[in-house]
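Take a walk through this fold, one region at a time. Keep the viewer open as you read.

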Amino acid sequence: MATAGKGNTFWNRLLQLPADSALSLQAQLRQQIVSAILSRQLPEGSALPSSRELAATLGIARNTVILAFQQLVDEHFLETRPRRGYFVVQQLPSVAPPASTANADTAARSDGGSETPGPDWSERLPNISGLRAIVKPNDWQNYPYPFIYGQFDPALFPTADWRECSRMALAVLEIRGWASDLIDRDDPLLIEQLQRHVLPRRGVWANPDEIMVTLGAQHALYLLADLLMRDAVVGLEEPGYSDARAIFGMRAREVVPLPVDDSGLRPKGELARCDYAFVTPSYQCPTTVTMPLDRREALLAEAHRHDVVLIEDDYDTENPALTQPIPALKSLDREGRVIYVGSLSKSFVPGIRLGYIVAPSSVIRQARALRRYMLRHPPANNQRATALFISLGHHDALLRRVAPIFQRRAAVLRDMLARHLPQCRVQNSPGASSFWVEGPPGLDARKLGDIALRHGVIIEPGDVFFATDGPSPHFRLGYTGIAEERIEEGVRLLAQLIEHERRR
């Protein structure tokens with residue numbers, strides 16, 4: 001079947017090159033041709049237009065078409081025929097299922113007969129998707145006022161530095177170092193950088209066999225829950241991190257709320273009956289309060305007295321800020337009672353999904369064995385690129401470069417909240433990348449969040465941080481993903497919506 005003679009309209013429809021794509025024109029063209037071949041829109045033996053004709057039709061450079069055609073020849077999607085041009089190869093790999101099973105499910109539903117009943121999944125599956133969780137719009141960057149926590153500002157991303165490290169990680173010698181299956185190990189260069197440069201900033205010193213890389217801090221919590229918390233009693237701050245509550249609840253016998261105050265977690269009371277306790281002492285989640293030194297020492301003493309293992313999530317201390325909280329709780333630990341969880345995702349970019357656990361070597365050894373059965377190890381190429389990013393000084397430079405920017409945003413948000421929402425109680429410890437706001441009595445922040453979203457304002461309703469499910473006047477505002485010049489208008493609009501709801 002020859003298709004080279006088809007009109008321009010055919011090729012324009014078949015090979016669409018969107019202007020907003022992140023791929024180069026050559027990559028887009030290859031992608032579209034491959035898709036057309038695999039979907040049989042271009043059957044085996046089909047002729048393609050000449051490079052000159054296709055370039056004119058699509059409005060792109062002829063060299064772009066030639067390079068795309070040549071690479072597809074190298075990859076055996078196209079073939080050249082002397083003096084005739086480019087053609088789809090005659091023998092493509094089969095992508096359709098065998099005829100005996102193809103569309104069997106559709107046939108069973110359309111033949112008018114009774115359908116054989118399958119498994120009753122409602123009886124087999126736990127309702128994990130129904131657990132209360134923080135919800136963020138997927139397209140949050142399209143909203144004018146995204147007071148969203150834990151997201152990065154694309155304008156501040158060190159694109160050139162990350163590209164440099166990615167290119168270095170793809171050098172031949174580097175690929176030989178990370179391309180093999182590490183089984184249960186991590187990239188030694190990343191472990192070294194964590195040990196020498198990242199952890200010491202928090203006062204944490206560890207041997208290489210006491211560090212393990214994870215797919216973000218949340219993966220670390222899931223691993224620890226699976227490894228340690230089966231049939232255990234686990235304490236969680238109240239209010240506290242909702243995803244940790246869900247993760248621990250899947251494994252623990254009981255999750256016990258542990259009250260917090262203006263100094264963080266209270267060491268007395270329910271802590272005594274816990275096997276493990278989850279704590280965020282640097283910036284309590286979600287209130288942002290920093291636990292003072294005397295409270296930390298009291299917490300360690302109580303944990304020793306009742307043989308409680310503390311899991312410290314130092315989640316917000318890698319955010320770029322000139323004001324650093326006091327060293328981690330782990331820095332005061334002298335008996336291996338604190339398991340430390342950290343993340344590189346917050347300071348760098350959430351999508352890189354790299355975190356780590358610091359714990360006694362016996363714990364790390366078993367955690368590596370468990371991780372091996374889950375996913376073996378996080379992608380080694382990302383580990384190597386991140387290790388290079390740290391070792392070349394890009395990580396420290398990033399923190400220094402954006403620290404004053406985030407400080408200004410925090411100052412503007414603090415001033416605007418005081419000006420436009422004086423009736424609200426606001427908490428933000430220096431350096432924390434979010435504000436915890438308690439609205440006026442009777443405010444339902446969940447309803448407010450829905451209304452605000454329709455007006456382009458993203459907030460995080462605070463009810464999800466509490467163990468009991470019910471209305472709450474609390475909400476969280478982040479500032480790392482919103483431009484400084486949009487903060488005042490966003491807070492003013494939010495204040496108007498709160499006043500409207502109050503009058504209702």
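Which residues form one aromatic cluster with Phe406? Phe435 and Tyr479 join Phe406 in that cluster. Bear in mind that this is a predicted model.

Stay with two of these rings. Phenylalanine 406 and tyrosine 479 pair edge-to-face, with 6.2 Å centre to centre and 75° between the planes. The pair links distant parts of the chain. Phenylalanine 406 belongs to helix H15 (residues 394-420). Tyrosine 479 sits in the loop between strand S16 (474-478) and helix H17 (484-503). The two residues are 73 residues apart. Both phenylalanine 406 and tyrosine 479 are buried.

Strand S16 also takes part in a sheet. This open sheet has four strands in the order S12-S13-S16-S15, with antiparallel pairing. Why do S12 (425-427) and S15 (460-461) each have one side without a neighbour in the sheet? They stand at the edges, each with a single partner strand, so one side of each stays unpaired in the sheet. Two bridges join S15 to S16, and these strands run antiparallel. Across that pairing, proline 461 stands opposite phenylalanine 475 in S16.

Now turn to the largest nonpolar core. It has 36 residues. Leu221, Met229, Phe248, Phe278, Ile311 and Ile357 touch the most other members. Several elements each supply at least two residues of this core, including helix H10 (217-228), strand S5 (233-238), helix H11 (242-249) and strand S8 (276-279). Strand S10 (338-343) and helix H13 (361-374) are also among these suppliers. The largest share, six residues, comes from H10. Apart from this core lies another, of 33 residues. Leu398, Phe406, Ile459 and Ile498 are among its members, and Phe406 is the ring already met in the aromatic cluster. In soluble globular proteins, nonpolar side chains tend to be buried together.

Phenylalanine 278 makes a good vantage point on the larger core. Leaving aside neighbours within four places in sequence, what is phenylalanine 278 in contact with? The list is Leu221, Gly235, Leu236, Glu237, Tyr241, Ala244, Phe248, Ile311 and Asp313. Leucine 236 also stands opposite phenylalanine 278 in S8. That places the two within a strand pairing: S5 and S8 pair in the parallel sense over three bridges.

S5 has another partner as well. Six bridges join S5 to strand S6 (residues 254-261), and the two run parallel. Here valine 233 stands opposite glutamate 254 in S6. S5, H11 and S6 make a right-handed β-α-β unit. Is S5 enclosed or open? Six of the six residues of S5 are buried, so this strand is largely enclosed by the rest of the structure.

S10 tells a similar story. Six of the six residues of S10 are buried, and the strand is mostly covered. In a regular strand the side chains alternate between the two faces of the sheet. Which residues of S10 are on each side? Val338, Tyr340 and Gly342 are on one side, and Ile339, Val341 and Ser343 are on the other. Both faces of S10 are covered, as these residues are all buried.

Follow the partners of S10 next. Four bridges join strand S9 (residues 309-313) to S10, and these run parallel. Leucine 310 stands opposite valine 338 in S10. S10 and strand S11 (residues 355-358) pair in the antiparallel sense over four bridges. In S11, tyrosine 356 is the bridge partner of glycine 342.

Go back to the rings. The model holds ten aromatic pairs. Phenylalanine 10 and tryptophan 11 form one of them, edge-to-face, with 4.9 Å centre to centre and 85° between the planes. Their exposure can be set side by side. Phenylalanine 10 counts as partly exposed because its relative accessibility is 26%. Tryptophan 11 is buried, with a relative accessible area of 2%.

Charges meet rings too. The charged end of arginine 81 sits over the ring of phenylalanine 87, 3.9 Å from its centre. Arginine 124 lies over the face of tryptophan 121, at 5.9 Å from the ring centre.

End at helix H4 (residues 62-74), where threonine 64 is found. Threonine 64 is buried, with a relative accessible area of 16%. Leaving aside neighbours within four places in sequence, threonine 64 is in contact with Leu25, Gln26 and Leu29.

Conventions
Residues numbered from 1 in each chain as written. Predicted model: local features only at pLDDT ≥ 70, side-chain atom pairs only at ≥ 80, totals over all residues. Heavy atoms only, no water. Core = buried A, V, L, I, M, F, W, Y, C linked by side-chain atoms within 4.5 Å. Buried < 20%, exposed > 50% of the residue type's maximum accessible area, 1.4 Å probe, protein only. Contact = heavy atoms within 4.5 Å. Phe/Tyr/Trp six-rings, centres within 6.5 Å; stacked < 30°, edge-to-face > 60°. Lys NZ or Arg CZ within 6 Å of the ring centre and 35° of its normal. Pairing = 2+ DSSP bridges. Right-handed = clockwise from strand over helix to strand, strands pointing away.
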